[in-house]
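Trainee: Hi, have you got a minute to go through this one with me?
Mentor: Sure, pull it up and we can take it topic by topic.

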Amino acid sequence: MSLVELIELPSFVDARGSLVAIEGKCDVPFAIKRVYYLHSTTLGASRGFHAHKRLQQVLVCVSGSCRVVLDDASRREEVFLAKPSIGLLIQHNIWREMYDFSDNCILLVLASEQYSEDDYIRDYDEFLMQVKL
Ligand code: T46
């Protein structure tokens, strides 16, 4: 199975434009406890470089584009996000790196848990040890 799990989000398109509505436990497979977004990213900057022990997230590029690398310790896959109606589901224990942000990129993130630094694995070797246990 691919590491890249894309979710088609409900879109309502009419002559006025488009509206995307996302409901927790319905359109994404968890109750949404936190929402945050990345914007005004520095040209050439990369972000992420961590995994989460429990957290699940859905990333939606609501403006512009970016690339996300996913790594489960045995495979690395990359996905290009550029559609506000597509969400990328990232399960726990997946290393992620985001890069190649366009200058107008806004990356919206829906998270299954509130923020906890204890949930992060920010060292790649520690990540490899954790998932191979
Ligand atoms: C992820 C990717 C996609 C908070 O205080 N609360 C929060 O909810 C978040 C997400 C971050 N922070 C603080 C922690 C750091 O001092 O904001 C600062 C920047 O966070 P970080 O370096 O983790 O940012 P990214 O872009 O590398 O990663 C973020 C999320 O942290 C992460 O869960 O999966 O976006």
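**Sheet, rings and pocket**

Mentor: Let's start with one bridge: His-52 is partnered by Tyr-120, which belongs to strand 12. Keep in mind that this is a predicted model.

Trainee: Okay, so how do strand 5 and strand 12 pair, parallel or antiparallel?
Mentor: Antiparallel, over two bridges, with strand 5 covering residues 47–52.

Trainee: And what is the order of the strands in the open sheet?
Mentor: The order is 8-7-10-5-12, five strands with antiparallel pairing.

Trainee: Which ones are the edge strands?
Mentor: Strand 8 (76–81) and strand 12 (120–121), each of which pairs on one side only.

Trainee: Back to Tyr-120, then. Is Tyr-120 buried or exposed?
Mentor: Tyr-120 has a relative accessible area of 14%, and the limit for buried is under 20%, so Tyr-120 counts as buried.

Trainee: Let's switch to aromatics. How many aromatic pairs are there?
Mentor: The count comes to four. One of them is Trp-95 with Tyr-124, with 5.0 Å from centre to centre and 80° between the planes, which is edge-to-face.

Trainee: Where in the chain do Trp-95 and Tyr-124 sit?
Mentor: In distant parts, 29 residues apart: Trp-95 is in strand 10 (residues 95–99) and Tyr-124 is in helix 1 (residues 124–132).

Trainee: What about accessibility for Trp-95?
Mentor: Trp-95 is buried at 3% relative accessible area, while Tyr-124 is partly exposed at 30%.

Trainee: Why is the pair of Tyr-115 and Tyr-120 edge-to-face?
Mentor: Because the planes of Tyr-115 and Tyr-120 are at 65°, and over 60 degrees counts as edge-to-face. The ring centres of Tyr-115 and Tyr-120 are 5.8 Å apart.

Trainee: Which residues form the aromatic cluster with Trp-95?
Mentor: Tyr-124 and Phe-127 join Trp-95 in one cluster.

Trainee: New topic: how much space lies in the largest pocket?
Mentor: About 190 Å³. The lining has 15 residues, and those nearest the centre are Tyr-36, Leu-38, Gly-48, His-50 and Met-98.

Trainee: Which strand gives the largest share of that lining?
Mentor: Strand 5, with four residues. Strands that each supply at least two residues include strand 4 (34–38), strand 6 (57–63), strand 10 and strand 11 (106–111).

Trainee: And how does the lining divide into nonpolar, polar and charged?
Mentor: Eight residues of the lining are nonpolar, four are polar and three are charged.

Terms used
Residues numbered from 1 in each chain as written. Predicted model: local features only at pLDDT ≥ 70, side-chain atom pairs only at ≥ 80, totals over all residues. Heavy atoms only, no water. Phe/Tyr/Trp six-rings, centres within 6.5 Å; stacked < 30°, edge-to-face > 60°. Buried < 20%, exposed > 50% of the residue type's maximum accessible area, 1.4 Å probe, protein only. Pairing = 2+ DSSP bridges. 1 Å grid on protein atoms, 1.4 Å probe; cavity = no way out; pocket = protein on both sides within 12 Å on 5 of 7 lines; lining within 4 Å. Points joined across faces, edges and corners; volume = space filled by probe spheres on them. Nonpolar A, V, L, I, M, F, W, Y, C, P; charged D, E, K, R; others polar.
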